[in-house]
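This report covers a helix pair, a chain fold and a chain-to-chain contact. The structure is shown first.

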Amino acid sequence: MSTPTDASQDENTYFIDAENAAEMARLLMQDRLLTKTMGGLFPQQIDLAHVQRILDLACGPGGWALDVARAYPEKQVVGVDVSQLMVAYANAQAREQKLPNASFQTMDILKPLAFPDNSFDLVNARFLTGLMPTSAWSKLVQECMRILRPGGIIRVTEFEATISNSPSAEKLFALSTRAIQVTGQAFSPGNNIGTTAMLGPLLRNAGYEQVQHQAYALDSSAGVEAHHSQFQNAMTFFKLLQPFLVKLGITTQEEVEILYQRAMEEMMSTTYCAIMFILSVWGTKPA
Amino acid sequence: MSASNNASGDEKAYFIDAENVAEMARLAMQDRLTTKAMGGLLPEQANLSAIHDILDIACGPGAWALDMAQAFPQKRVTGIDISRLMVEYAQAQAREKDLHNATFQVMDALNPLEFADNSFDLVNARFITGFMSKAAWPLLVRECTRILRPGGILRLTECESPLTNSKGSERMYEMLAQALARADRIFSVDGRHIGITPVLGRLLHDAGFVAIQKMSHVIDYSFGTEAHAGCYQDVMTFLKLLQPFFVNVGVTTQEEANRLYLQTLEEMRSENFCGIFFFLTAWGMKPKEA
C-alpha cells in the first residue's frame, strides 16, 4: 500500500509520504515477501478461467500487478495508486518488461473509483490498513461491487501487528498500533488493529457471496528465510513512521529514536522471534 | 487442552479446574471447531504411511485422538491428560465406538513422560499454553525428542488471543494475557499478546528438530458465521471458568470480572459482532541419524 497525499484529507491520516523513494523500495520488497508467504498470486481456490480483467487497488510500485501480468499474458491488469512516483515507476517497469497487458494510473481509492460499472472480473487489495479510515471500508467494497461484473471476485488481504519476543520492538509495534487507533483506522477497541476480524463481515454485509478466507503467517524470526528482508522492511518503515508518531503526540523524537535503535538491535539478535498473521478474504458478486 | 492441577505446582498456575464437567464439554466442542478450521486432523502432513504410533499430549476429553483412531484404524493412538475425569470420558468413548486402537491414561505433561525412548512416530499437542510455564516448554519439547523415533514428528498448535470489535472481549483477553504473564505462562514481553506463536519454531529448533515448518489457521466467529454459536458457548464457559484465575493473580476484581463477562457476552450476541482468532501449527522432525 501507499498512502494518500491528497491535501483535502485530514493531515493526521498521512502515514508515510507516498512519494518517498525509500518507501517505494520497501513496498517492492514487501510485495515479493507477501506473495511468497501467501504461496502465490491468488488463492488456489479461486478459478481464474473466467477472469480477464484484474484491478489492483493501492498497487504501490506495482509488484503484484506486474507479477500477475507476467504470469498471465492473456489477462489485463490495471493498478491504481495515489502516488505519482509509484505509478510512474510501475508504468516504466511494464514497458521495460514488455508487459503490454499491465497499465497503471493515479487514483485515490478513498474517492469513487473512475471505472465504469461491470468492468472487472477480479479486484485485489493488499494491506490497505494505514490509509483507510474505518468508515471508508464499506464504501470501497461497495464501489468494487459496482465495477465488478456479476460473478466477479473481490479479494482483500490485511494484517495484524507483528508479535515478537523483543521488548523494544514490541513497544514500537504498540506505538504503530496506537497511531492506527488515534487516526481512526483501527477496528479493535482494545490493543489491536482488528482489520482482519471485520473483513468477512464486511464482504458479507456488502452482499458478496461464497465468502471464504485463508490465513497466513509471516515468520521473520532470526534464522528463517524472511528474517533479512523483514528486518530491512522494518528498518525503513519505522524510520519513515517516526515523524508521524511524533506529530500525533504519542511519543517524542528522542524517545522514538532510542526505541528504534534498540528495536533494530534486538531484531538482529540470534534469539529474535516474530510472527505476523495475515488474512485473505474473498467473495463473489452475485450473478 | 486441560490444565494442570498438579499439587506440586504453583497454586497460582491453575488456569481452570481440570476436573470440571463444563470445561470438558467446552474442550470437546473446541476440538471439533479447531479440527474443522484446520481442514482436518493432520492437514499439513503429506505422508502418513510412516506414522504408526501417535501420542496426543493434554488430550482433554480425547476428541482429536478418537477422531484419529477412527480415521486410521491401523494406527495406534494414545492420549494423556492430567484430568482423571477427561481420561475416563475418553476411554468410555473409545469403548463405545469400538476403537481398540485408542488408549488414554492420566499423566502430567509437566513431569517426565512415562514412555520409553523411541516409542512414537508423531506427538501432537494443541493449546497447552494454559498450563505451560516458560521454563516447562523446552523440557517438554526435549521429552518429546526422547520418546519420538528418529524421523518422528512433533507438532505444536497454539493460538494468540482473539481479535474482535467488542470492548468487553478485548479487555478480557488483555486481562488474560496479563494474568498469564504474571503466572509466567507466556512469552509476551509486555502482556499485550500471549506471544507463544512467534517462539514455537524456535522451541523446536533449540531441541534439535529439523525441517521445521509452520502453517496458520483462522476461525471467523463473527455474528452470522457457522462458528459463532459454538464459539459463543466456548467463550461463555471459558471466561466464566477463568474468573478465579484472574482474581487469584490480581488482574481484576470479582466484580469487574462479572461485569466484563456480561458485557462480552452481550456484545458477542450483537449482529455487528466481528471476531476472529489465528492459530499456528509448527512441526519438525527428529533427525533420522542421532
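## Helix packing in chain A

Helix 2 of chain A and helix 3 of chain A cross with right-handed geometry in this predicted model. Helix 2 of chain A spans residues 63-71 and helix 3 of chain A residues 84-96; their axes lie 10 Å apart at an angle of about 20°. Because angles under 35 degrees count as roughly parallel, helix 2 of chain A is roughly parallel to helix 3 of chain A. Helix 2 of chain A contributes Ala65(A), Leu66(A) and Ala69(A) to the contact, and helix 3 of chain A contributes Ala90(A), Gln93(A) and Ala94(A). By class, the residues of this contact are 5 nonpolar, 1 polar and no charged.

## Fold of chain B

Chain B contains 8 helices and 8 strands. Its radius of gyration is 18 Å, close to the 19 Å that the globule rule gives for 290 residues, so chain B is as compact as a globular protein of that length. Along the principal axes, the C-alpha atoms of chain B fill a box of roughly 55 × 35 × 35 Å. Of the 290 residues, 52% count as buried. Among contacts in chain B between residues at least 6 apart in sequence, 75% join residues at least 24 apart.

## Contact between the chains

Chain B and chain A each bring 33 residues to the contact. The elements of chain B that each supply at least two residues to the side touching chain A are tabulated here.

| Element of chain B | Residues |
|---|---|
| Strand 6 | 163-164 |
| Helix 5 | 167-182 |
| Helix 6 | 200-206 |
| Strand 7 | 210-220 |
| Strand 8 | 275-285 |

Strand 7 of chain B gives the largest share of that side, 5 residues. The side of chain B that touches chain A has 10 nonpolar, 13 polar and 10 charged residues.

Key: Residues are numbered from 1 along each chain as its sequence is written. Chains are lettered from A and ligands numbered from 1 in the order in which they are written. This is a predicted model: local features need pLDDT of at least 70, side-chain atom pairs count only at pLDDT 80 or more; totals for chains, interfaces and linings use all residues. Two residues are in contact if their C-beta atoms, placed from the backbone, lie within 7 Å. Helices (H or I, at least four residues) and strands (E, at least two) are DSSP runs, numbered from the N terminus. Ala, Val, Leu, Ile, Met, Phe, Trp, Tyr, Cys and Pro count as nonpolar, Asp, Glu, Lys and Arg as charged, and the others, Gly among them, as polar. Axes are lines fitted to C-alpha atoms, for helices over the stretch in contact, and angles run from 0 to 180 degrees between N-to-C directions. Angles under 35 degrees count as roughly parallel, over 145 as roughly antiparallel, 65 to 115 as roughly perpendicular and the rest as oblique. A crossing is left-handed if the near helix is turned anticlockwise from the far one by less than a right angle, and right-handed if clockwise. The radius of gyration is taken over C-alpha atoms; the globule rule is 2.2 Å times the number of residues to the power 0.38. A residue is buried if 20 or more other C-beta atoms lie within 10 Å of its own, exposed if 12 or fewer, and partly exposed in between; C-beta atoms are placed from the backbone.
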